[in-house]
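Thanks for asking me to look this over. My comments are set out below as numbered points, so you can follow them with the structure open.

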Amino acid sequence: MMRNIIFSSLLLIFSVSFLSAQDSLATSNFIEDEFDNLIESSNNYQGYKVVDYDALIELRDNTKRHVQELKNELQEEQSTISSQNEEIENLENQLAETQEDLQRVNEEKDAIKFLGMPFSKGSYMALMWGIVGILILALLFFIYKFKNSNATTKEARHRLNETEKEFDAYRAKALEKEQRLGRMLQDEKNKAKE
């Protein structure tokens, strides 16, 4: 959009310059025509041209008027050029500001706030994938620890069951031995009583 405005301004400057060049050519032709008319309307006297005084004064006044008009036109053109230069400078400043705003907006668009700190999208993605990687490693570590603990627990239960079976067997043997000893004692008591 700014480029269109600058292009339009430059086109306006060139067209004004072109038109003023044509106008100056037309006025210079006008003065030349007046001189030609004065020369043609003058009389010849002994190889000299006799010019009517009033026509000469009129030519002088017309020439002064045209020179003044040209000066006025030149001043107008210069003020137009100055105002257009100012406008171009203003537009260039606006363009620079707009480009700065665009760059800032692009940076803000590319930035992501995480935990109150701004990150670029690349940094944010790297951080997120880093966190995911750490969590996956932690999960794998805990799965490994769980499997080891589970295997240890299963082995401990298995040993406990074997120990309980051995203990039950020992208790049964001890009970049997105690009963046998109790019977033997009773038999001995009975023999001693007899």
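**Notes on the model**

1. A good place to begin is leucine 139, which lies in helix H3, the helix that covers residues 121-193. Please keep in mind throughout that this is a predicted model. Leu139 belongs to a nonpolar patch on the surface, together with Met125, Trp129, Val132, Ile136, Leu137, Leu140 and Ile143. The area of this patch is about 810 Å².

2. Now for the overall layout. The protein chain has 3 helices and 4 strands. Read from the N terminus, the order of elements is α-β-β-α-β-β-α. Of the contacts between residues at least 6 apart in sequence, 50% join residues at least 24 apart.

3. How much of the chain is buried? Of its 194 residues, 8% are buried. The accessible surface of the protein chain is about 16,700 Å², and carbon and sulfur atoms account for 59% of that surface.

4. Histidine 66 deserves a look of its own. Its place is in helix H2, which spans residues 53-110. Is His66 buried or exposed? Its relative accessibility is 8%, and because buried means under 20%, histidine 66 counts as buried. Leaving aside residues up to four places away in sequence, His66 touches Phe30 and Ile31.

5. Helix H1, residues 2-41, contains glutamate 32. On the surface, Glu32 gathers with Asp33, Asp36 and Glu40 in a patch of negative charge. With a relative accessibility of 47%, glutamate 32 counts as partly exposed. That value falls between the limits of 20% and 50%, which is why the label is neither buried nor exposed.

6. Next come the charge pairs. Side chains of opposite charge can pair when their charged atoms come close. How many salt bridges are there? The count comes to 5, and I comment on some of them in the next points.

7. In helix H2, arginine 65 and glutamate 69 are 4 residues apart, so about one helical turn separates them. Their side chains meet in a salt bridge, with an N to O distance of 3.7 Å; this pair counts because the cut-off is 4 Å. Both partners are partly exposed: Arg65 has a relative accessible area of 40%, and Glu69 has a relative accessibility of 39%.

8. Helix H3 holds another such pair. Arginine 159 forms a salt bridge with glutamate 155, and their closest N and O atoms are 2.5 Å apart. These two residues are 4 residues apart in helix H3, which means a separation of about one helical turn. Arg159 counts as exposed because its relative accessibility is 51%, just as the rule of over 50% requires. Glutamate 155, in contrast, is partly exposed, with a relative accessible area of 40%.

9. Further along helix H3, aspartate 168 and arginine 171 are 3 residues apart, about one turn of the helix. Which contact do their side chains make? They meet in a salt bridge of 3.1 Å, N to O. Aspartate 168 is partly exposed, with a relative accessible area of 41%, and arginine 171 also counts as partly exposed, at 48% relative accessibility.

10. To pull the helices together for your own viewing: helix H1 carries Glu32, a member of the negative patch. Helix H2 carries the buried His66 and the Arg65 and Glu69 pair. Helix H3 carries Leu139, which takes part in the nonpolar patch, and the pairs of Arg159 with Glu155 and of Asp168 with Arg171.

Key:
Residues numbered from 1 in each chain as written. Predicted model: local features only at pLDDT ≥ 70, side-chain atom pairs only at ≥ 80, totals over all residues. Heavy atoms only, no water. Patch = residues over 30% accessible without salt bridge, like charges linked within 9 Å, V, L, I, M, F, W, Y side chains within 5 Å. Areas by Shrake-Rupley, 256 points an atom, 1.4 Å probe, with all protein chains shown as cover. Lys, Arg positive; Asp, Glu negative; His and termini not counted. Charge placed at Lys NZ, Arg CZ, Asp CG, Glu CD. Buried < 20%, exposed > 50% of the residue type's maximum accessible area, 1.4 Å probe, protein only. Contact = heavy atoms within 4.5 Å.
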